Amino acid sequence: MNEYIKHFDWNIVEEGFDPANNRVSESLFSLGNGRMGGRGNFEEKYSGDSLLGNYVAGVYYPDKTRVGWWKNGYPEYFAKVLNAANWLGIHVQVDGEELDLATAKVANFKRDLNMKEGFLKRTFEATLPSGKQVAVTSTRFLSIVDDEGGAIRYEVKALNFSGDIKFTAFVDGDIENEDSNYDEKFWAEVAKENTAGEAYLVNETLKTGFHVATGMKWAITLNGETQTPAIEVASKEKYVENSAVVAVKEGDVATVFKYITNISSENHPKTELVSKAKAYLAMVSDKGFEQMLAEQAEAWAKKWEFSDILIEGDTKAQQGIRFNIFNMNQTYTGEDARLNIGPKGFTGEKYGGVTYWDTEAYCVPFYLMTADPHVVKNLLIYRHNHLEKAIENAAKLGFKDGAALYPMVTMNGEECHNEWEITFEEIHRNGAIAFAIYNYIRHTGDDQYLADYGFEVLLGITRFWTQRVNWSVGLNKYVMLGVTGPNEFDNNVDNNWYTSYIATWCMEYTTRAVEILKEKYADRYEALVAKNNFKEEEEISKWSDIREKMYLGYDEERGVFIQADGFFNKEQILVKDMDPAQLPIVHHWSWDRILRSNFIKQADVLQGIYLFEERFSTEEIKRNYDFYEPRTVHESSLSPCIHSILAGKIGDEERAYEFYLRTSRLDLDDYNADTRDGLHITSMAGTWMAVVEGFAGKRVYDDGMLRLAPFIPKEWGAYEFNITHQGALLQVRVTEGEVTIKNVSDVALTVAVYDQEVTVAGKNEITVQK
Ligand code: BGC
């Protein structure tokens with residue numbers, strides 16, 4: 001834990017500059033707008049320790065795989081969303097002396113992320129080695145209105161001198177990924193243009209051939225008056241700069257306005273990138289910084305209207321949840337089905353910005369309830385677009401006849417993870433992808449999705465499971481051998497309960513999808529049967545045979561599902577009895593010791609119980625929770641939220657709150673000592689789930705009805721959230737013993753509150769007592 005962030009409802013604030021925290025702060029103060037993003041680096045030079053990071057959505061590089069011992073089936077490369085051109089740069093020299101916070105004496109340093117309006121502000125005073133003092137205020141944002149760029153206002157006040165301040169504004173495209181496998185650079189220069197006042201650099205990614213034009217246009221004022229100093233231009237490979245000198249007197253404020261853009265060949269023809277960049281910069285510089293900032297605040301206000309959670313009486317919790325929601329909305333806007341959500345979003349290099357099962361299992365529920373349905377639909381279509389590759393991926397491993405195995409990690413549908421126990425065995429990801437389709441439909445009622453896209457994905461996945469099981473003569477059951485469940489601390493196990501359970505559920509749901517298609521979309525169904533060579537009778541009867549005879553381990557004595565064969569052969573130790581100095585075990589124990597231990601990385605059996613809760617009695621849930629949670633070390637950021645929700649379900653409100661705090665302030669308080677690598681974007685969605693599903697008991701079961709059964713943590717006075725369901729938009733307010741539901745849409749909705757069904761008419765509200 002490292003708790004240096006000050007607590008405010010709407011702001012993330014760091015006071016005082018401690019270089020030891022710089023990488024953590026760079027992650028926390030990241031900005032993004034769905035199309036691009038970057039870490040909270042400084043505009044001026046900084047020669048201390050820093051991870052410079054700027055990323056452009058969808059622009060990746062296939063970095064050649066590095067493994068100790070090659071195994072057949074390993075992917076050739078690991079895709080990385082690349083560290084791209086640095087557009088922040090505004091270097092400052094005072095009478096020839098460089099402003100560098102690593103060498104200057106720094107006072108009153110403050111970074112302040114305004115989440116309500118979507119900008120980052122930094123203020124400080126610096127004494128240079130010569131004794132000259134400046135006060136700096138920088139304000140910057142990536143626009144969610146004009147979303148191909150952003151702007152910086154950088155103000156320097158001469159505190160104790162009169163002299164020359166030289167500003168150098170630049171775009172530096174000579175950037176390397178810190179995690180490059182072979183220390184290679186991934187960008188080559190294509191073109192550049194550099195004139196007084198604006199400059200452009202076009203870089204190309206090696207191998208993948210993406211082009212990105214990064215442009216800047218700048219202006220200077222002195223005490224608010226526009227200046228026209230002589231501008232010097234200079235360039236070198238992958239680099240363009242403009243510089244100008246402003247003469248200041250003591251007390252003067254010189255301000256640089258820098259407008260920037262990243263125009264990517266993902267969205268425009270390569271031949272037009274520079275002209276588009278020019279048009280963008282002409283447009284935003286005409287608008288001006290203040291106007292852009294006002295529009296940014298307005299656009300963020302709209303986002304918050306839909307997705308905010310208000311917590312009264314607990315600033316720490318309030319700040320935590322807003323930080324998570326802010327980052328979810330900075331990372332993914334849902335407008336482009338080619339994009340997805342990397343575990344670190346645009347905030348660091350780790351996990352390479354690629355797509356994991358995190359999207360379906362954690363992010364989908366968040367966007368389903370806080371955004372228009374097309375946002376999740378685009379996430380689902382992303383996987384439909386990758387279906388062919390998933391079939392190829394399965395074929396490489398020996399599966400056939402349209403069986404699809406989605407990758408554990410991907411950019412373009414190809415697998416790029418290369419640890420065999422995960423690549424080949426952590427196949428439960430297929431289940432999460434199928435479940436997300438079901439989840440979308442039960443929330444939106446849009447079963448047309450099955451006809452348009454969903455069925456083909458379900459069929460490919462179900463065919464995979466059908467071939468992945470085998471008949472065991474010993475058990476007289478179907479078994480699934482050699483898998484890794486969500487608990488990555490146990491590999492190559494047989495009969496992981498979660499994986500086998502979700503596999504049979506896929507068979508059940510695909511069968512149901514066939515019924516829906518035959519009933520409602522018969523023509524389309526016929527076309528799908530032909531296209532996918534679907535042998536309805538034969539395949540469905542195979543699925544039902546497997547469903548009936550699948551082995552799902554159950555321990556009679558303890559009354560719990562068995563995580564995997566052999567689990568009870570392990571020495572049974574509880575986390576509470578461990579020497580805390582040994583935690584996290586992933587840092588202190590050998591891998592061999594971890595694998596032989598009974599410690600669980602993240603929800604595994606409990607992940608299944610979470611997804612299919614309505615199929616288990618509360619006693620069953622409690623027994624499994626009471627057994628597995630005490631053995632869980634929560635060494636994945638995805639773990640606490642599921643436990644918070646289940647703790648809420650079984651009435652353990654205190655534990656539910658404890659887990660909530662752990663997820664909501666995971667990055668702000670650096671719980672796992674890894675915020676420096678980037679933020680845990682995908683688990684941030686889980687924090688939202690912990691409030692809405694954990695505390696407010698929001699559920700949607702098979703019947704599609706919205707259910708609520710709220711309680712309020714004793715630390716809170718009240719909380720409010722919005723929820724969209726089947727076309728209705730509800731504002732829910734929970735206080736001790738009471739819940740008020742306000743329907744702000746015109747669509748009436750029947751909701752089960754504490755199991756009592758109430759209908760909230762359009763533009764109406766009701767209050768229900770606990
Ligand atoms: C977790 C996985 C997750 C991945 C990316 C791992 O530590 O165990 O479940 O998909 O991180 O977030």
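**Figure 1. Glu 488 and its neighbours at the ligand.** In this predicted model, an N or O atom in the side chain of Glu 488 is 3.1 Å from an oxygen atom of the ligand. Two other side chains are worth finding in this view. Gln 602 places a side-chain N or O atom 2.6 Å from an oxygen atom of the ligand, and for Trp 357 a polar side-chain atom lies 2.9 Å from a ligand oxygen. Taken on its own, the ligand has 310 Å² of accessible area, and the protein covers 92% of that.

**Figure 2. The shell of residues around the ligand.** Stepping back a little, you can pick out who surrounds the ligand: Pro 343, Tyr 351, Tyr 356, Trp 357, Asp 358, Glu 488, Lys 601, Gln 602, Ser 636 and Leu 638. Sorted by class, five residues of this shell are nonpolar, two are polar and three are charged.

**Figure 3. The span annotated as the central catalytic domain.** An unreviewed UniProt entry places "Glycoside hydrolase family 65 central catalytic" at residues 322-689. In the model this span is 53% helix and 3% strand. If you look for its two ends, their C-alpha atoms lie 13 Å apart.

**Figure 4. The span annotated as the N-terminal domain.** Residues 13-265 carry the UniProt annotation "Glycoside hydrolase family 65 N-terminal", again from an unreviewed entry. Here the chain is 56% strand and 3% helix, with 36 Å between the C-alpha atoms at the ends. The next two views each zoom in on a hairpin.

**Figure 5. The hairpin of S14 and S15.** Strand S14 (residues 187-195) and strand S15 (residues 198-205) run antiparallel and are joined by eight bridges. To get your bearings, start from Asn 194, whose bridge partner in S15 is Ala 199. Two residues sit between the strands of this hairpin, and Gly 197 takes a positive phi near 110 degrees.

**Figure 6. The hairpin of S18 and S19.** Further along the chain, six bridges hold together another antiparallel pair, strand S18 (residues 231-236) and strand S19 (residues 239-248). A handy landmark is Val 233, which has Asn 242 as its bridge partner in S19. There are two residues between the strands, and in this hairpin Lys 238 adopts a positive phi near 60 degrees.

**Figure 7. An open sheet of four strands.** Follow the strands across the sheet and you will meet them in the order S26-S27-S31-S32, with mixed pairing. At the edges are strand S26 (699-700) and strand S32 (756-760), each of which pairs on one side only. S26 runs antiparallel to strand S27 (residues 706-708), and two bridges join them. Within this pair, look for Val 700 opposite Leu 706 of S27.

**Figure 8. The span annotated as the C-terminal domain.** In an unreviewed entry, UniProt puts "Glycoside hydrolase family 65 C-terminal" at residues 702-760. This span is 59% strand and 0% helix, and its end C-alpha atoms are 21 Å apart.

**Figure 9. Two assigned domains and the distance between them.** To close, here is how the domain assignment divides the protein: domain 1 takes in 11-64 + 77-306, and domain 2 takes in 696-770. How far apart do the C-alpha centres of domain 1 and domain 2 lie? The separation of these centres is 44 Å.

Key: Residues are numbered from 1 along each chain as its sequence is written. This is a predicted model: local features need pLDDT of at least 70, side-chain atom pairs count only at pLDDT 80 or more; totals for chains, interfaces and linings use all residues. Side-chain values use heavy atoms; hydrogens and water are left out. Domain bounds come from an automatic or database domain assignment. Two strands pair if DSSP finds at least two bridges between them. A residue is near a molecule or strand if one of its heavy atoms lies within 4 Å of it. A polar contact is a pair of N or O atoms within 3.5 Å; within protein, one must be able to donate a hydrogen and the other to accept it, and residues adjacent in sequence count only if both atoms are side-chain atoms. Accessible areas come from the Shrake-Rupley method with a 1.4 Å probe; for residues, only the protein chains shown count as cover. Ala, Val, Leu, Ile, Met, Phe, Trp, Tyr, Cys and Pro count as nonpolar, Asp, Glu, Lys and Arg as charged, and the others, Gly among them, as polar. UniProt positions are given in the numbering used here, feature names are shortened, and annotations may be inferred rather than shown by experiment.
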